[in-house]
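With the structure open in your viewer, please follow the stops below in order, making each selection before reading what is there.

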Amino acid sequence: MEVFYYMVFGGLGLIVAALELSKNNKDRITTSQAFTSFKNNYLLVYSLMMAGDWLQGPYVYYLYTTYGYGKGDIGQLFIAGFGSSMLFGTIVGSLADKQGRKRACITYCITYILSCMTKHSPQYKVLLLGRILGGVATSLLFSAFESWLVAEHNKRGFEQQWLSLTFSKAIFLGNGLIAIISGLFGNFLVDVATLGPVAPFDAAACLLAVGMAVILSSWGENYGDPSETKDLLSQFKGAAVAIASDEKIALLGAIQSLFEGSMYTFVFLWTPALSPNDEEIPHGFIFATFMLASMLGSSVAARLMARSSPRVESYMQIVFLVSAASLLFPIVTNFFISPPAAEVKGGGGISLGSSIQLVGFCAFEGCVGIFWPSIMKMRSQYIPEEARSTIMNFFRIPLNIFVCIVLYNVNAFPITIMFGMCSIFLFVAAVLQRRLLVITEKSKSDDWRTSMKERGDIETEPLNEDD
């Protein structure tokens, strides 16, 4: 493997280590022992849940090919997963507000374990069922656990700022360290232990079962609004009204859909971008490098959120602009650097253009690492508790539609057009983030003036000249 890969990986590793070791009191949040125990319990469960997810990712496509399915059939299976997440996942995820977030988290474990079991069958209909179950599980993973955490955190009376510590640690572990370990473990099961491509799915099912046992034994139940007896349709209407009536929630949903849509598109595009002529590249090592870059981003986010300034709404504008610029690298290199000769197909190392793109992609993954804990913090501030899971799943509807469209047309457009589209979406996200900042600052200013008037520090009426 080329020295360049080791240089990028080693450089990112040194930066992450330096950031973690150089933290001072300003970068740390003083908490209580009760909160530390609560946080560690959640991080254990979240890490097990993410390990169960990450173990499967690298081997889904490969497993389908070993069963003899072509690109078209596999594409339909993936579309079924995202479509299921949009339709069934939204309904099941929304039930968490009414039936309980703990129950929803347990449902995630059971659903994903069943999805893993279907991978033992080469039958297309069984695999399709597995993708549908996996889509439902994905919706629960990205809504139920966060909803339970926020509600339980507030119920126990912990300070609001401490939530950011849990968010940043969860992303640092779940989307960084656990992803790297899961990738290496999956590689060991398949290539070293030669247990076959189904082995990572069996390992994922075991980890999910362990996590479910921890949830059953140590988590309490919480709800959105147990006093309400609304049916599911009423919940959907209430969530839609909340989004339509509060510009902050609507902006947050649009920002999330634009960023995550670009992120999922990037997942499909980075391999052909780095190996346009099917050059041999170490996919597993590059994936681990991306996850290390994400860890770097979450470490930076932890420092930013530990301080009162800059606000999340402020620095996220810069994050979106940097992410938009980083996905322009394939377009820039295509125009200014000669592409490698086609005769090197199937061989050779990474080209100069691909090397530059790899650096840009690492910058994008760093932005992803900052995005996740930051968007979690904003959601905890602006989304009403009584409909948190429902609204969060509403946010995923346009995202899943977008990803399905991209999957269906992934070969219809040149790769540079696809990256350009993602860059435009991220720039729009930066504009919307600016609007969100303006609204929240105005709201804070109005709240301050109201508070001062109530205290009598500001005259409610202008003074007359005779007074």
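Begin with the surface of the whole chain: in this predicted model, the accessible surface comes to about 20,800 Å², and 64% of that area belongs to carbon and sulfur atoms. Colouring by burial comes next, and it will mark 53% of the 467 residues as buried. Switch then to a cartoon view, where the chain shows 17 helices and zero strands. If you display contacts between residues at least 6 apart in sequence, 88% of them join residues at least 24 apart.

Now select helix α2, residues 33-54, together with helix α9, residues 199-218, whose axes lie 8 Å apart and which pack at an angle of about 155°. Because of that angle, α2 counts as roughly antiparallel to α9, and the crossing of the two is left-handed. To see the contact itself, show side chains on α2, including Leu44, Val45, Leu48 and Met49, and on α9, among them Leu207, Leu208, Met212 and Ile215. By class, this contact has twelve nonpolar and four polar residues, with no charged ones.

Keep α9 selected and add helix α8, residues 162-192; here the axes are 9 Å apart and the packing angle is about 130°, so α8 is oblique to α9. The crossing of α8 and α9 is right-handed. Which residues should you pick out at this contact? On the α8 side they are Phe185, Gly186, Leu189 and Val190, which meet Ala199, Pro200 and Ala203 of α9. Coloured by class, the contact of α8 with α9 shows six nonpolar residues, one polar and no charged residue.

Note on methods:
Residues numbered from 1 in each chain as written. Predicted model: local features only at pLDDT ≥ 70, side-chain atom pairs only at ≥ 80, totals over all residues. Heavy atoms only, no water. Helix = DSSP H or I, 4+ residues; strand = E, 2+ residues; numbered from the N terminus. Buried < 20%, exposed > 50% of the residue type's maximum accessible area, 1.4 Å probe, protein only. Contact = heavy atoms within 4.5 Å. Areas by Shrake-Rupley, 256 points an atom, 1.4 Å probe, with all protein chains shown as cover. Axes fitted to C-alpha atoms, helices over the stretch in contact; angles between N-to-C directions. Parallel < 35°, antiparallel > 145°, perpendicular 65-115°, else oblique. Left-handed = near helix turned anticlockwise from the far one by under 90°. Nonpolar A, V, L, I, M, F, W, Y, C, P; charged D, E, K, R; others polar.
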